[in-house]
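I opened my notebook beside the model and jotted down what I looked up. Pull up a chair and follow along.

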Amino acid sequence: VPVTRSQPTGIVVKAPIADSKPAPAKSPPTQPTADEPAIRLNLADDAELLREFHGESQELLQNIEQGVLVLEENPDDADTINSIFRAFHTLKGGAGLLHLDALRELAHDLESLLDAARRSELRINSDIINLILAGGDALKHFTREIGEQLQGVKPGEPIVVPTRQLRQRVRAALRGDPSPV
């Protein structure tokens, strides 16, 4: 408990008592940080749709990974670029239907990246492949968290996956700018 002392100026200063113990460390906040968007599942109303989305997402993410393996060997393979584009497009649509905005926004940015490659405005190279893989990993993390909540693990908790920097890197690639650090 602080002791209050009056200064000659009339300003009151609170000074700690000499043998007072420091305040205990605060536990980390349960709310997401302001710079990373969170999603909250509506398990009561959307459980069946979320189960379907979860299963389809896992399959789409597997297709993306397989497509990336092809692109590493043949970066101009139009069928594979289209396949990965459609996977991100489908993820975006399902996430939008379920109001999973952070997931939808990331899928949209990745879809735009593949769309630029489809239109020959962007060439697939190792940097683009790394962005696709990082995006797939983030989407996998969202999907894993959704699956856990569907199984009763931390139901109702916000799902926060760091995506802000990744989305900035994707948008920089779309503009032809160097990747932000």
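Is Lys-154 buried, partly exposed or exposed? I checked, and Lys-154 is partly exposed, with a relative accessible area of 48%. A reminder to myself: this is a predicted model.

**Entry: two unusual phi values**

I stayed with Lys-154 for a moment, since its backbone caught my eye. Lys-154 has a positive phi of about 50 degrees although it is not a glycine. I found Lys-154 in the loop between α4 and β4 (159-160). Most residues other than glycine have a negative phi. I then went to Ser-120, which is not a glycine and yet has a positive phi of about 60 degrees. Ser-120 comes just after α3, in the loop between α3 and α4. I looked up its surroundings too: Ser-120 is exposed, with a relative accessible area of 66%. That value is over 50%, so Ser-120 counts as exposed.

**Entry: the whole chain**

I stepped back to the overall layout. The protein chain holds five helices and four strands, and along the sequence they follow the pattern β-β-β-α-α-α-α-β-α. Of the 181 residues in the protein chain, 36% are buried. I also looked at contacts with a separation of 6 or more: 64% of them in the protein chain are between residues 24 or more positions apart.

**Entry: helix α3**

Next I walked along α3. This helix has 18 residues and reaches 25 Å from its first C-alpha to its last, close to the 26 Å expected at 1.5 Å a residue. I listed its buried residues, among them Leu-103, Leu-106, Leu-110, Leu-113 and Leu-114, and also Asp-109, Glu-111 and Asp-115. What covers these buried residues? I noted that the cover includes β3 (38-39), α1 (43-73), α2 (78-97), α4 (126-150) and α5 (164-175).

**Entry: Asp-109**

A buried aspartate deserved its own page. Asp-109 sits in helix α3 (residues 101-118). Its relative accessible area is 6%, under the 20% cut-off, so Asp-109 counts as buried. Which side chain makes a polar contact with that of Asp-109? I found Arg-171, with a polar contact of 3.4 Å between the two side chains. Leaving aside neighbours within four places in sequence, I saw Asp-109 in contact with Arg-167, Val-170, Arg-171 and Leu-174.

**Entry: α3 and its helix partners**

I took α2 and α3 as a pair. They pack at an angle of about 155 degrees, with their axes 8 Å apart. That angle is over 145 degrees, so α2 is roughly antiparallel to α3. I noted that the contact includes Ile-81, Phe-85, Phe-88 and Leu-91 of α2 and Leu-103, Ala-107, Leu-110 and Leu-114 of α3. The crossing of α2 past α3 is left-handed.

Then I turned to α3 and α4. Their axes come within 10 Å and cross at roughly 155 degrees, which means α3 is roughly antiparallel to α4. I found this crossing to be left-handed as well: α3 passes α4 that way. On the α3 side, the residues that meet α4 include Ala-102, Leu-106 and Leu-113. On the α4 side I wrote down Ile-128, Leu-131, Leu-139 and Phe-142, among others.

Technical notes: Residues are numbered from 1 along each chain as its sequence is written. This is a predicted model: local features need pLDDT of at least 70, side-chain atom pairs count only at pLDDT 80 or more; totals for chains, interfaces and linings use all residues. Side-chain values use heavy atoms; hydrogens and water are left out. Buried means under 20% relative accessible area, exposed over 50%, partly exposed in between (1.4 Å probe, protein chains only). A polar contact is a pair of N or O atoms within 3.5 Å; within protein, one must be able to donate a hydrogen and the other to accept it, and residues adjacent in sequence count only if both atoms are side-chain atoms. Contact means heavy atoms within 4.5 Å. The expected span of a helix is 1.5 Å times one less than its number of residues. Axes are lines fitted to C-alpha atoms, for helices over the stretch in contact, and angles run from 0 to 180 degrees between N-to-C directions. Angles under 35 degrees count as roughly parallel, over 145 as roughly antiparallel, 65 to 115 as roughly perpendicular and the rest as oblique. A crossing is left-handed if the near helix is turned anticlockwise from the far one by less than a right angle, and right-handed if clockwise.
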